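Please open the structure in your viewer and keep the selection tool at hand. This tour goes from stop to stop, saying what to select and what can be found there.

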Amino acid sequence: MAASTQNQSAASGGKGGMNPKEEKESWRDCIYNPRTGEFMGRTGKSWGLILLFYFVFYVFLAGMFSLTIWVLLLTLDENVPKYQDRVPHPGLVVRPLAAEISFSRSDATSYSGYVQQMHTLLQRYNDSLQEGNELCLVGELTEQEEEPLKRVCQFKRSVLRHCSGLRDDSFGFSSGRPCVILKMNRIIGLRPGGDPYINCTAKRDAPVQMVYYPSDARMDKMFFPYYGKKAHPDYVQPLVAVQLLLNRNHFNAEQTIECKVQGSNLRNNDERDKYLGRVTFRVRMSE
């Protein structure tokens, strides 16, 4: 019994007394074993095979992905989005783009930003550019389904008269009779029924007189349909300018104006989207 105990102790002591140098060499073997030539537990051949497998695997995945994208692109029309059901009716946009147009008619810096926005918008409507476009039939849709590059109907800036920025480069702000410009959002293939026009009303008891340019405030159907940016690159939307004839009674009083597209089948009364076929903005003028 005593001899057996001594043998176990000797064996235990032998393991516990392992040479530190040998233990260090054993740890290195986990990275590179010079006796077997293995690196990280694999030989060069094994590493080559596994890298080849992953190379082929990822090349296959990339090929499958490219094939599915190619097939998907075959189903798309480069001019018309595949799904347009979320925006069947256009919104109405006002320029200057501001929820509240606040200015002093005696301080040009208070409205210079608004004026710059309108000049920028109307650059594409300059008469010299528009004279190169088509004279389309008033009141008729301009159908061009078979033409690869669509014609553009003329809309000259000068049609907006006092709100064109040509006669008065301040758009009426300096005289306290500011202009705003309205346009509809573009929707590919939109063909409005009826005779769409803009109608604006003041939401306060104090009446605000307004003048429209063109005088009938129409957004003529000859500017529809729109065929998309690629097929219709030079397309310009019809505009309606509204001049607010403010006076001293309106100083420092906020005027809320609502404008709607009327006379057509375009929606303008959806309570879930207050910009669908209409837009509301506020004007405050000081001396």
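## A first loop and its proline

Begin by selecting Pro96, which sits in the loop between strand S3 (92-95) and strand S4 (100-104). Keep in mind throughout that this is a predicted model. Add Arg95 to the selection and look at the bond that leads from Arg95 to Pro96: this peptide bond is cis, with omega near 5°.

## The loop between S7 and S8

Next, move to the loop between strand S7 (209-213) and strand S8 (240-245), where Lys221 has its place. Several stops can be made in this loop, and Pro225 is another residue found between S7 and S8. Select Phe224 together with Pro225, and you will have a peptide bond that is cis, with omega near 0°.

Now select Ala217, which also belongs to the loop between S7 and S8. Although Ala217 is not a glycine, it has a positive phi of about 55°. Is Ala217 buried or exposed? Its relative accessible area is 3%, and since buried means under 20%, Ala217 counts as buried.

Return to Lys221 and show its side chain. Lys221 is buried yet takes part in no salt bridge, and the nearest side chain of opposite charge, that of Glu140, is 6.6 Å away. Why does this pair not count as a salt bridge? A salt bridge needs a side-chain nitrogen of Lys or Arg within 4 Å of a carboxyl oxygen of Asp or Glu, and the distance from Lys221 to Glu140 is 6.6 Å. If you leave aside residues up to four places away in sequence, the residues that Lys221 touches include Gly139, Glu140, Leu141 and Thr142, as well as Pro192, Gly194 and Pro196.

For a comparison of backbone angles, select Asn252, which is found in the loop between S8 and S9. Asn252 has phi near 60°, a positive value in a residue other than glycine. Asn252 is exposed, with a relative accessible area of 54%.

## Three disulfides

Colour the cysteines next; how many disulfides are there? The count comes to three, and, with bonded cysteines counted along the chain, they follow the pattern 1-2, 3-4, 5-6.

Select Cys136 and Cys153, which are joined by a disulfide with an S to S distance of 2.1 Å. This pair links distant parts of the chain, 17 residues apart, with both Cys136 and Cys153 in the loop between helix H5 (127-130) and strand S5 (179-184). The link of Cys136 and Cys153 is left-handed, with -95° about the S-S bond, and both of these cysteines are buried.

Then select Cys163 and Cys179, whose sulfur atoms are 2.0 Å apart in a disulfide. Cys163 lies in the loop between H5 and S5 while Cys179 lies in strand S5, so the pair ties together parts that are 16 residues apart in sequence. With -75° about the S-S bond, the link of Cys163 and Cys179 is left-handed, and Cys163 and Cys179 are both buried.

Finish this part with Cys200 and Cys259, where the S to S distance of the disulfide is 2.0 Å. Cys200 is in strand S6 (residues 197-202) and Cys259 in strand S9 (residues 255-262), so that distant parts of the chain, 59 residues apart, are linked. The torsion about the S-S bond of Cys200 and Cys259 is about 110°, so this disulfide is right-handed. Both Cys200 and Cys259 are buried.

## Rings and charges

Show the aromatic side chains now: a search of the whole structure finds 11 aromatic pairs. The rings of Phe53 and Tyr54 have centres 5.3 Å apart and planes at 75°, so this pair is edge-to-face. The rings of Tyr54 and Tyr58, by contrast, have centres 6.3 Å apart and planes at 25°, so they are stacked. Tyr54 and Tyr58 both lie in helix H3 (residues 44-74), four residues apart, which is about one turn of the helix. Tyr54 is partly exposed, with a relative accessible area of 41%, whereas Tyr58 is exposed, at 51%. Add Phe57 to see one aromatic cluster formed by Phe53, Tyr54, Phe57 and Tyr58.

As a last stop, select Lys150 and Tyr227, where Lys150 lies over the face of the ring, at 4.6 Å from the ring centre. Then select Arg186, which lies over the face of Tyr226 at 5.2 Å from the ring centre.

Conventions: Residues numbered from 1 in each chain as written. Predicted model: local features only at pLDDT ≥ 70, side-chain atom pairs only at ≥ 80, totals over all residues. Heavy atoms only, no water. Phe/Tyr/Trp six-rings, centres within 6.5 Å; stacked < 30°, edge-to-face > 60°. Buried < 20%, exposed > 50% of the residue type's maximum accessible area, 1.4 Å probe, protein only. Helix = DSSP H or I, 4+ residues; strand = E, 2+ residues; numbered from the N terminus. Lys NZ or Arg CZ within 6 Å of the ring centre and 35° of its normal. Lys, Arg positive; Asp, Glu negative; His and termini not counted. Contact = heavy atoms within 4.5 Å. Disulfide = S-S within 2.5 Å.
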